[in-house]
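Trainee: Could you take me closely through one part of this model, the strands that pair into sheets and the helices that lie against them? I would like one connected account rather than a list.

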Amino acid sequence: MINTSIGLQDLRRKLYRKAKADEGWRFWGIYVHVCKWETIQEAYRLAKSNNGAPGIDGVTFDDVEREGLDDFLTGIMLELRDGRYLPLRNRVHEIPKADGSSRKLGIPCIKDRVVQGALKLILEPIFDADFQSGSYGYRPKRSAHQAVHRVAKAIVGRKSRVIDVDLKAYFDTVRHDILLGKVAARVDDVQVMRLLKLILKASGNRGVPQGGVISPLLSNVYLNEVDKMLERAQKVTSRGQYTHIEYARFADDLVILVDYHPRWNWLLDAAFKRLVQEFDKLCVAFNESKTRIVDLAVAGESFDFVGFNFRVRDVSDFRSGLVIQPKKSARKNLLQKLSSIFRSLRSQPIEWVINKINPILRGWVNYFRIGNASRCFSYVRWWVEGKVHRHFMRARLRRGFGWKRWSSEFIYRDLGLFCDYGIRYIHS
């Protein structure tokens, strides 16, 4: 179907264009591209750029390159071509959550990450062509900030009633038979389907592992029919360019916004009912204690989406009254993480501490610097500066913070502590 000598990026563009032009086309003969040296090499590069902990075999990227990268990648390529590849079990790592429960990460070994990455490189353009406009999670050229902008624009347009959806253990409950059926609707390649089955079974009889390279793509494939249902609802209830329902989804984080006017009460009820029906088909359950309908026109009401909290300060003017800021748990988790670093490096030079916390601060601030985070940022900056002062005082066996001993200029300019807390506002 496709010339095997074609470059990887050109191939991905052609796959996308074909999938976009023909919604019913089933792709065949694509396994050969998964096994190509260029694909496997790119998959390794992407895996290494994300770094990450070793899998169940304990092999690190340094180990791979010490033993010989070319031999490692050649071995993967030959195993895939000969049909001898078998994935290892994922290493399970539990991350505690704020409510006392834990989130399980399934961490594949480096070899399996490369294989999943190679498969993703070929399947992603096919399915990305099918994904809907309201889907933002883990897609090329899409981001959480774009999803926030979409939600903010809907609220400014007085879509103030929000169905805030929380799915119960979504990644752990994905049914393999349903997922494979959705993939097979677009892929008519026995070898690709066999490889995908092997990858899924490595994580158990159900679910896709959080931490797997291909898991985000598969999670979007699984929920695409939900997005299509919401797109249809938007289209059939629109009047010209004006719509009465909007939605945004980032992986399993989904919000639906409905027009504030009472005449659209039926749309709010119908959207929720259809949502339940679609998730029942997928055997995915709501977290009933967290799934709720919020009316932002009511004082004090708010909802969270992709780590941000949305509320309306002045219901008479949704444009100027919309407030978007980091949710409280996001700030709490950041400070707990930084606090543990300060404790673990208490006896070390402050330069070591700053080198450790700067990337964390930079990543967190860059993510949350849109909207109305200035007050939150001021607190974080004051808190971190205080910790640095306290570190100095402890090193001198003194109590207190010594605010007058070391100037802010010295801490930020000479020591290089992260200081870029500027805000970028969303313009709807």
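Mentor: Before the angles are read, one convention is needed: an axis is a line fitted to C-alpha atoms, for helices over the stretch in contact, and angles run from 0 to 180 degrees between N-to-C directions. With that in hand, and bearing in mind that this is a predicted model, start at helix α7, which lies across β7, β8 and β9 and runs at about 10° to β8.

These 3 strands form an open sheet in the order β7-β8-β9, with antiparallel pairing. Because β7 (302-305) and β9 (322-326) stand at the edges with a single partner strand each, one side of each is left without a neighbour in the sheet. On average, neighbouring strands of this sheet are turned by 25° against each other, direction ignored.

Strand β8 (residues 308-312) pairs with β9 in the antiparallel sense over 5 bridges, and with β7, also in the antiparallel sense, over 4 bridges. The register can be followed residue by residue: R311 has V323 as its bridge partner in β9, while S302 stands opposite R311 in β8, and F308 stands opposite P326 in β9. The link between β7 and β8 is a hairpin with 2 residues between the strands, where V306 in the turn has a positive phi of about 45°. As for burial, which counts a residue as buried under 20% relative accessible area, 4 of the 5 residues of β8 are buried, so β8 is largely enclosed by the rest of the structure.

Now turn to the other sheet, in which 4 strands form an open arrangement in the order β4-β5-β3-β6, again with antiparallel pairing. Here β4 (245-250) and β6 (292-295) are the edge strands, each with a single partner strand, so one side of each is left without a neighbour in the sheet. From one strand to the next the twist averages 20°. Between β4 and strand β5 (residues 253-258), which run antiparallel, there are 6 bridges, and within that pairing Y247 has I256 in β5 as its bridge partner.

Helix α7 (residues 144-156) also packs on this sheet, where it touches β4 and β5 and its direction makes about 160° with that of β4. Helix α12 (residues 265-281), for its part, lies across β3 (161-165), β4, β5 and β6, and runs at about 15° to β3. Helix α7 is thus an element to follow through both descriptions, since it touches β4 and β5 and lies across β7, β8 and β9.

Key:
Residues numbered from 1 in each chain as written. Predicted model: local features only at pLDDT ≥ 70, side-chain atom pairs only at ≥ 80, totals over all residues. Heavy atoms only, no water. Pairing = 2+ DSSP bridges. Contact = heavy atoms within 4.5 Å. Buried < 20%, exposed > 50% of the residue type's maximum accessible area, 1.4 Å probe, protein only.
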